[in-house]
Amino acid sequence: MRLGDLAAALPARLTGDPERLVSRVAELNAAGPGDLALCIQRRFLPELRHTRAGAVLIDPRFAADVPDGCAVLAADAPREALSRSLRLLNVPEPLARPAPGIDPRAAVDPTASLGSGVRIGPFVFVGPGARLGDDVSLSAGSFVGAGAEIGARTVLHPRATVLDACVVGADCLIGPGAVVGATGFGLDAAGRLPHVGRVVIEDAVTLGANTCVDRATLGETRIGRGAHLDNLVQVGHNARVGAGAVLCGQVGLAGGAVVEAGVVLGGQVGVAGGAVVGRGARVAAQSGVTHSLPAGGEYSGHPAEPNRPRLRRIARLRRLVEP
């Protein structure tokens, strides 16, 4: 792709030959003359100064560190520009969609409803009464249970599972090994309770590899539109995740926990049953949310509390014990 065209698409300010061609985005230390490299963090400046890339996409603060002969694409929103660059230049994600049509090794119940353009790979199971929207892709070994619904253009990667009566919206990405609708962990004296509810996943949600979203005891467990759940996230029965929330790897939500819209939970955060994390709050990695947190704040620790007062208290304690 011509650098001039790429600069217009990102958008970014180009310094260099607009006719120069780049074919992919590559790391600074591995890029060659036909590659676009990236530097948007100060810690990569040593690699930037020695890169062999034909062009580099940078935060404008680092323009002076670009070596001679390397074209510069300076973007005021470099992360967004990186996302566009990857979509324009690089090959699709390695987990490719299956071929169009239904693989003869798949098992599709005759009562299932299939939209136009569906792609069903080998060893897929689609149960009775299931409904697949237009352009749905089910990769090898994935499972769609009885009465489940999968919205248009949603992709299930290999071995992803959507169990009976659960609903996945349009434009979702369900990662390898993810499970939607397993029985929740509600217990009584006689053992595990029957869980007769379902899971509802709204449109444009991402579930990472081996993430589990448990079905509700009664009613529904719900993941809001545009939420992004990383690998190995656990969402307990009757929990709710709001629109646009981000849950990093190994986050765990106990049954009935509520994470409101726009919340960001760092890796390995745990949220107790019934606790509410308010809209737009940010919780640092490995924190334990044992009670509800107000909207918009930044929290850390166990139990999680406002971050800045906690850091000040830790600093005072250190001064008390230092010689």
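## Backbone outliers

Leucine 232 sits in the loop between strand E26 (228-229) and strand E27 (234-235). Its phi is positive, near 60 degrees, and leucine 232 is not a glycine. Relative accessible area is 47% for leucine 232, so the residue is partly exposed. The model is predicted.

Asparagine 210 also has a positive phi, about 60 degrees, without being a glycine. The loop between strand E23 (206-207) and E24 holds asparagine 210. With a relative accessible area of 39%, asparagine 210 is partly exposed. Most residues other than glycine have a negative phi, and most peptide bonds are trans.

Two cis peptide bonds can be described here. One joins leucine 10 and proline 11, with omega about -10 degrees. Proline 11 lies in the loop between helix H1 (3-9) and strand E1 (13-15). The other runs from histidine 302 to proline 303, with omega near 0 degrees. Proline 303 belongs to the loop between strand E37 (298-300) and strand E38 (305-306).

## Overall build

The chain has four helices and 38 strands. Its C-alpha trace spans about 70 × 70 × 25 Å along the principal axes. Of the 323 residues in the chain, 44% are buried. Among contacts with a separation of 6 or more, 18% involve residues 24 or more positions apart.

Accessible surface totals about 15,700 Å². Carbon and sulfur atoms supply 55% of that surface. The chain carries 33 positive and 29 negative side chains. The centres of the two sets lie 6 Å apart.

## Nonpolar cores

The largest nonpolar core has 52 residues. Leu247, Leu253 and Leu265 touch the most other members. Leucine 253 contacts Leu247 and Leu265 themselves. Beyond its neighbours within four places in sequence, leucine 253 also meets Gln234, Val235, Gly236, Ala239, Val241, Val259 and Val271.

A second, separate core has 16 residues, including Leu6, Val22, Ala71 and Leu89. In soluble globular proteins, nonpolar side chains tend to be buried together.

## The aromatic pair

The whole structure yields one aromatic pair. Phenylalanine 125 and phenylalanine 143 are stacked, at 4.9 Å centre to centre and 20 degrees between the planes. The stacked label applies because planes under 30 degrees apart count as stacked. The pair links distant parts of the chain, 18 residues apart. Phenylalanine 125 is in strand E10 (residues 125-126), and phenylalanine 143 is in strand E13 (residues 143-144).

Both rings belong to partly exposed residues. Relative accessibility is 33% for phenylalanine 125. For phenylalanine 143 the value is 27%.

## Two loop residues

Threonine 217 lies in the loop between strand E24 (212-214) and strand E25 (220-223). Its relative accessibility is 17%, so threonine 217 counts as buried. The cut-off for buried is under 20%. Leaving out residues up to four places away in sequence, threonine 217 touches Pro194, His195, Val196, Gly197, His237 and Asn238.

Glutamine 268 is in the loop between strand E32 (264-265) and strand E33 (270-271). At 39% relative accessible area, glutamine 268 is partly exposed. Glutamine 268 has contacts with Gly249, Gln250, Val251, Gln286 and Ser287, neighbours within four places in sequence aside. Valine 233 is 35 residues from glutamine 268 in sequence. Their C-alpha atoms are 8.6 Å apart in space.

Key:
Residues are numbered from 1 along each chain as its sequence is written. This is a predicted model: local features need pLDDT of at least 70, side-chain atom pairs count only at pLDDT 80 or more; totals for chains, interfaces and linings use all residues. Side-chain values use heavy atoms; hydrogens and water are left out. Buried means under 20% relative accessible area, exposed over 50%, partly exposed in between (1.4 Å probe, protein chains only). Contact means heavy atoms within 4.5 Å. Accessible areas come from the Shrake-Rupley method with a 1.4 Å probe; for residues, only the protein chains shown count as cover. Lys and Arg count as positive and Asp and Glu as negative; His and the chain ends are not counted. The place of a charge is taken as NZ of Lys, CZ of Arg, CG of Asp or CD of Glu. Rings of Phe, Tyr and Trp (its six-membered ring) pair if their centres lie within 6.5 Å; planes under 30 degrees apart count as stacked, over 60 as edge-to-face and the rest as tilted. A nonpolar core is a set of buried Ala, Val, Leu, Ile, Met, Phe, Trp, Tyr and Cys residues joined through side-chain atoms within 4.5 Å.
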